[in-house]
Structure formats: structure tokens, C-alpha cells
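Hi,

Here is the structure I said I would pass on. Have a look at it first, and my notes follow underneath.

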Amino acid sequence: MIIDLSGKTAVVSASTAGIGHAIATGLAAAGAHTLVNGRKQEAVDRAIASILKTVPHAKLQGFAGDLGTRAGCDALAQAVPQTDILVNNLGVFGPGDIFSTGDDDWERYFQVNVMSGVRLTRAYLKGMMERKWGRVVFISSESGLNIPADMLAYGFSKTAQLSIARGIAKEAAGSGVTVNAVLPGPTLSDGFRTMVEDTARAQGKTVEQVGIEFVREHRSTSLIQRPASTEEIANMVVYACSPQASATTGAALRVDGGVVDSIA
């Protein structure tokens with residue numbers, strides 16, 4: 001299968017590192033004119049330079065702004081009035097159970113993980129529907145199905161993304177626009193590496209070794225028995241954004257390594 005996104009534009013929120021960066025790289029490699037987003041211009045510039053090392057012919061532009069705020073989303077929509085592909089990747093995560101997660105934390109997860117995607121989709125969906133082609137992807141998580149008691153607000157936000165993506169897919173029914181959610185499992189992202197690098201150093205192990213141990217201890221239902229790479233997640237996203245995925249919409253596409261113990 002050859003995925004050709006030449007002539008298409010793509011917006012990937014939070015794409016200066018981790019899964020978002022891998023998605024932006026994959027879309028650019030497929031020929032899409034890709035917008036790279038981060039909160040700071042320096043991070044955006046570094047990410048663009050990094051992608052160009054991998055994809056020298058990439059067509060890229062940058063946007064520095066906090067898309068976890070209404071003002072940031074409005075500024076992006078004004079700077080880039082339309083796109084063919086929207087990947088709602090922006091998200092925050094961290095520990096917190098029902099007792100330790102305060103109101104401000106709940107609000108932050110809602111605004112960043114949920115409302116950023118709602119606002120950007122609202123800004124771009126109508127144009128996609130009028131042009132009879134478009135792709136919207138929400139980056140959810142297996143934690144949206146396997147709700148972690150010790151990351152409760154995060155799990156809630158990821159479940160919310162599944163409902164929203166399904167509902168928007170119904171809104172776009174018959175228009176040529178598809179809307180899906182992608183559910184990564186444990187992934188060797190920059191965030192994960194930062195979280196475990198001190199442990200790895202103290203134990204004399206690599207981050208990859210600690211990642212495998214984490215999966216086997218905390219996600220024992222994993223069928224691949226290791227974290228995924230960011231590129232493995234990006235491969236699914238690029239497919240969901242492709243012309244070939246025209247019959248896939250309203251779906252929760254799992255790239256969780258089999259962590260979710262379900263046949264559906």
C-alpha cells in the first residue's frame with residue numbers, strides 16, 4: 001500500500017516531540033503539507049529541523065501557541081483557516097486518584113485533553129464537509145477503556161475523546177469526512193522516557209529495559225510484552241488519515257499491543 005497525501009494539508013497539535021512528532025513526520029513523508037505545533041517557537045523550530053533530517057522534501061510550517069486554551073485555538077484557526085487533516089494529539093498525563101486530584105487538575109485535563117480537540121474540530125470540520133473530504137483523528141489511549149485508578153482524570157479525558165469522536169463521525173456522516181480515535185498503549189514517547197530515565201540510571205538499565213519491565217508489571221495483558229514505538233503509533237494514524245481509510249469512521253482504533261483484553 002502506497003499512501004500519497006500530496007496536495008493535502010495536515011494540522012497536528014502538540015507535534016514537537018513524542019507521538020505527535022512521529023505523526024507529523026509520517027504525514028510529511030506521505031506528502032502532506034504539515035503544520036507542526038508546540039507552545040514555544042524554539043521547540044517548533046527544532047521539531048521542523050528534525051523532521052527535515054528524516055524527510056528532506058517535507059513541506060512544513062510551524063505554529064507556536066498553547067492549544068490547551070481557547071485563545072490558542074482561535075489564533076491557530078485565524079492563522080490557518082482550513083486543513084484537510086486534523087490530528088488532535090495534544091494531551092497531558094500524570095498520577096492522581098480520586099483523593100489527590102483537585103478541582104483545578106480536573107479542569108486542566110478537561111481543557112487540554114478534551115476541549116482542545118473539540119475547539120479545533122469545530123474550527124475545521126465544516127470546511128472539510130463542504131469540500132467533501134477530510135480526516136479527523138483524536139489521539140486517545142487504552143486508558144480510556146482500562147481506566148487507571150491512579151490516573152483517574154487522565155482516563156476520564158481519554159474516554160471522553162472516544163465519545164466525542166464517535167458523535168462527530170455521526171455529524172459528518174455521508175460527507176466524505178472520517179472521524180476516528182486512535183488508542184495507543186504504553187509507548188516509548190519522550191514523556192515516558194523522561195518519567196523513567198532516573199529509575200533506569202539508578203538501576204543501571206536502559207530506558208527500553210525499564211519500559212519492558214513496566215509493561216510486564218503494570219500492563220500484563222499486553223500481547224507484545226513491550227512498549228510500542230512512537231513510529232508504530234504514527235503508522236496507524238497515517239493510515240487513518242489516508243484515502244485508503246475511506247470506510248473507517250467512528251472507530252476506536254487500538255494500537256495498544258493487545259493490552260485491552262477484549263475481542264471487540
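To start with one residue: does Arg 193 count as buried, partly exposed or exposed? Arg 193 counts as partly exposed, because its relative accessibility is 29% (buried is under 20% relative accessible area, exposed is over 50%, and partly exposed is in between, with a 1.4 Å probe and protein chains only).

Before the rest, some housekeeping. This is a predicted model, so local features need pLDDT of at least 70 and side-chain atom pairs count only at pLDDT 80 or more, while totals for chains, interfaces and linings use all residues. Residues are numbered from 1 along each chain as its sequence is written, and side-chain values use heavy atoms, with hydrogens and water left out.

**Helix 6 and helix 7**

Arg 193 sits in helix 6 (helices are DSSP runs of H or I with at least four residues, strands are runs of E with at least two, and both are numbered from the N terminus). Not counting residues up to four places away in sequence, Arg 193 touches Leu 188, Val 207 and Glu 208 (contact means heavy atoms within 4.5 Å). With Glu 208 the C-alpha to C-alpha distance is 8.7 Å, for two residues 15 apart in sequence.

That leads to the way the two helices pack. The axes of helix 6 and helix 7 (residues 207-218) come within 8 Å and cross at roughly 105°. Axes here are lines fitted to C-alpha atoms, for helices over the stretch in contact, and angles run from 0 to 180 degrees between N-to-C directions. The crossing makes helix 6 roughly perpendicular to helix 7 (65 to 115 degrees; under 35 is roughly parallel, over 145 roughly antiparallel, and the rest oblique).

On the helix 6 side, the residues that meet helix 7 are Phe 192, Arg 193, Val 196, Glu 197, Ala 200 and Gln 203, and their partners in helix 7 are Val 207, Glu 208, Val 210, Gly 211, Glu 213 and Phe 214. Sorted by class, this contact has six nonpolar, two polar and four charged residues (Ala, Val, Leu, Ile, Met, Phe, Trp, Tyr, Cys and Pro count as nonpolar, Asp, Glu, Lys and Arg as charged, and the others, Gly among them, as polar).

Thr 194 is in helix 6 as well, and at 52% relative accessibility Thr 194 counts as exposed. Its C-alpha atom is 9.2 Å from that of Val 207, which is 13 residues away along the chain.

**The second largest pocket**

The second largest pocket has a volume of about 280 Å³. Of its 16 lining residues, His 21, Ala 22, Thr 25, Thr 230 and Glu 231 are the closest to the centre. Helix 1 (18-29), helix 6 (190-203) and helix 8 (230-240) are the elements that give two or more residues to the lining. The lining has five nonpolar, eight polar and three charged residues.

For the record, a pocket is an open set of points on a 1 Å grid over the protein atoms alone, where a 1.4 Å probe fits and protein lies on both sides within 12 Å along at least five of seven lines; lining residues have an atom within 4 Å of a point. The volume is the space filled by probe spheres set on the points.

**Loop residues and one in a strand**

Two residues other than glycine have a positive phi. Ala 14, in the loop between strand 1 (9-12) and helix 1, has a phi near 50° and is partly exposed at 22% relative accessible area. Lys 132, in the loop between helix 4 (103-131) and strand 5 (134-139), has a phi of about 65° and is exposed at 56%.

Arg 39 is in the loop between strand 2 (33-38) and helix 2 (41-54), and is exposed at 67%. Leaving aside neighbours within four places in sequence, Arg 39 is in contact with Ala 64, Gly 65 and Asp 66.

Arg 254, in strand 7 (residues 252-255), is partly exposed at 25%. With the same neighbours left aside, its contacts are Leu 145, Leu 183, Met 236, Val 260, Ser 262 and Ala 264.

Cheers
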